[in-house]
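Hi,

Here is the structure I promised to pass on, with my notes below it. Have a look at it first, then read on.

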Amino acid sequence: MSLAEAAAPLESDLLLQHQVTQFLYAYARCLDEDRLEDWPTFFDDACFYGILPRENAVKGLPLCVLSARTQGMLKDRVKSLREANIYNLHYPRHVVSNVEILACRSDSLDVVSNVTVYQTDMEGRTTLFCVGQYNDRLNRKDGGALKIGSRTVTIDTYNIPNLLAIPI
Amino acid sequence: MNAIADIDWPSSDFTRVPYRVFVDPEIYKLEQERIFRGPIWAYLGLEAEVPNPGDYKTTFVGDTPMVLQRTMDGELAAFENRCAHRGAIVRREPFGNDTEHRCVYHQWCYDLKGALTGVPFRRGVQGKGGYPKDFDLSKHPMRPMRVATYNGVIFGTFSDATPPLKTFLGTSICAYLDRLFHKPVKVLGYLRQDIKSNWKLYTENVKDPYHAGLLHLFHATFGLYRSTQKGAVLMSESKFNSVLYNIGGNYDKDLAEENYKNQKKYVPTDYDLYDPQLLASRPDFPDGIANMIMCIAPTVVVQQIMNTMATRNIRPKGPGQFELFWTYFGFADDDEELTQIRLTQANLIGPSGYISMEDSEATEMVQDNAVVRSTGDTVIEMGGRGEIHDLDYLISEMPIRGFWSHYAKLMAEPPALQEAAE
Ligand code: FES
Ligand SMILES: [Fe+2]
């Protein structure tokens, strides 16, 4: 096998890894820049989003802190945050790392990554809000774009400081 | 008597509450002794959480760590999670199943009722050391609690002076516990909130129907406002415990507009969810009650909001902090669709709840100010002054005054007997 032949799969792996990482970063930046209205567009029409306390995951219990089974439910969450809910004024900061592609199929990918969320209050004080793990099924759409088919955020910080308003 | 913690109540009908009660560490300490370890029944859990012999759950009563245990003969027991030797936490896991409890520090061993059954090197090693001849294992249990259940809800008390459980709960509370726990339940999961405010600010919040339609604007925003509908406030004979409920009904847009006309935030719209599945409901009860918030002071709130059912265990962690521990459940015979409805509607409650996330934010805002200036009093007059009684309407703060009236009584009691005997 020539060097070029050996490099070909590696190159496509790197490209895929790059594409996935860029996608996850864009999602995080969307939340950090308070573009909540764009957040549902990262998901497929049929989708699942859930923030699952790790203690429930360990016990095999299904209850999420927050969940949505359709893109419409994600939109309702955004509308409620914008117009109805009262919560702690803050800037969120999502840090995504340890991105691993666990399975690669022609139409979907299984990806895990770590997430850390900091909150900064209106006086500029920052606290650690949450650490957790994204468990994603990413759908590969025509033209190569990625959409979230399913995202479960398993949170280690299941003793939630005050409340959880902005999605993770 | 502890003069430092004596509370000066500005009014005999509890229309005023000194801010000091939310921040003073002496008052906090006295509450642990006179209320949480005093003549009250504290929530420990649900029988469904410890169904099998050997099952245990660790929990708290006030800030005291506890073990709730199902013994080998199927009985329930509860004891302080504290080694009688030199005080280590004995059970560190949130849940488990075992035939004994063994302290990791020096391996003192206890049975499932918390009685000491063995200590290592009791006779010493090769004739040297060991415990004195008259050392009596039976004198060193983990501190036990009396346990009683009501329809599968488990309570415990440290005091011998506590009235029978049904008397403590009160007639109205028993009636609504009968309604909710009319068949076996199953746990669907847990939620926890770490709230930086005094536990009593939350107790006030769940006895405060005044705020419901004003702080929580989810229903109004999505055209589901129903605060004009029928409801009631019921209290235990002691006034310590309460039930608030309202009957679901059709949305009355005209009435909502009228009631909210001076409120900037409320813009009446038509029923307006992108995905109405969130509120798709299969009523569990024939009485039409959409919303039922019960407070069994000082340790637990029991709620039913549409198809959501949960207990909320209040676990104080100091004057300015408590954990709110939610146990979310359905009925054991729920089908798959009903379970799915409950899991979807869970979005209404908990730390991200559409109609509950505001509560901890509100109590933290009050706490922040009480810390800065703890002089002066709150004002609790909605619904009137004077006598505290049940109501057939909701816009009122009367159950809050009911809570304080019994709180004041408990705090004025001298230490309970078993405390003095130790
Ligand atoms: S502290 Fe438990 S055995 Fe010593
Ligand atoms: Fe509330």
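Residues 41-156 of chain B are 0% helix and 39% strand, and the C-alpha atoms at the two ends of that stretch sit 5 Å apart. That range isn't my own choice: an unreviewed UniProt entry annotates residues 41-156 of chain B as "domain: Rieske". Keep in mind that all of this is a predicted model, so please read "found" as "computed from the model" throughout.

Two residues in that range have backbone angles you may want to look at. Most residues other than glycine have a negative phi. Q107(B) isn't a glycine, yet its phi is positive, about 65°. You'll find Q107(B) in the loop between β7 (101-102) and β8 (109-110) of chain B. N151(B), also not a glycine, has a positive phi of about 50°, and its place is the loop between β10 (144-150) and β11 (153-157) of chain B. As for accessibility, Q107(B) counts as partly exposed because its relative value is 35%, and N151(B) counts as partly exposed because its value is 37%.

There's one more backbone item, outside that range. The peptide bond between A297(B) and P298(B) is cis, with omega at about 0°. P298(B) belongs to the loop between β15 (289-296) and β16 (300-305) of chain B.

Now the metal. Which residues coordinate the iron ion (ligand 2)? The donors are NE2 of H211(B), NE2 of H216(B), and D359(B), which is listed twice through OD, with distances of 2.1 to 2.5 Å. The angles among these four donor atoms run from 55 to 147°, and the site is classed as irregular. For tetrahedral, all angles would have to lie between 85 and 135 degrees, so a range of 55 to 147° rules that label out. Before you set up any parameters for the site, note that water is not among the atoms, so sites may look incomplete.

Along the sequence, the donor residues of the iron ion (ligand 2) follow the spacing H-x4-H-x142-D. The site therefore ties together distant parts of the chain: H211(B) is in helix α5 (residues 209-215) of chain B and D359(B) is in helix α9 (residues 357-372) of chain B, 148 residues apart. H211(B) and D359(B) are both buried.

For chain B as a whole, the count is eleven helices and 19 strands. The chain has 422 residues, of which 57% count as buried. Of its contacts with a separation of 6 or more, 66% are between residues 24 or more positions apart.

Then there's the interface. Chain B puts 39 residues into the contact and chain A puts in 35 residues. The two chains bury about 3400 Å² between them, with carbon and sulfur atoms giving 52% of that area. How many salt bridges cross between chain B and chain A? The rule finds two. One of the salt bridges joins E55(A) to R192(B), and the closest N and O atoms there are 2.8 Å apart.

Last, a small note on chain A. Y25(A) is part of helix α1 (residues 3-32) of chain A. Y25(A) counts as partly exposed because its relative accessibility is 41%. Y25(A) and S97(A) are 72 residues apart in sequence, while their C-alpha atoms are 9.3 Å apart in space.

Cheers

Terms used: Residues numbered from 1 in each chain as written. Chains lettered and ligands numbered in written order. Predicted model: local features only at pLDDT ≥ 70, side-chain atom pairs only at ≥ 80, totals over all residues. Heavy atoms only, no water. UniProt positions renumbered as here; feature names shortened; annotations may be inferred. Helix = DSSP H or I, 4+ residues; strand = E, 2+ residues; numbered from the N terminus. Donors = N, O, S within 2.8 Å, 3.2 Å for Na, K, Ca; no water. Tetrahedral: all angles 85-135°; square planar, octahedral: opposite > 155°, others 65-115°. Buried < 20%, exposed > 50% of the residue type's maximum accessible area, 1.4 Å probe, protein only. Contact = heavy atoms within 4.5 Å. Buried area = accessible area lost by both parts, 1.4 Å probe. Salt bridge = Lys/Arg side-chain N within 4 Å of Asp/Glu carboxyl O.
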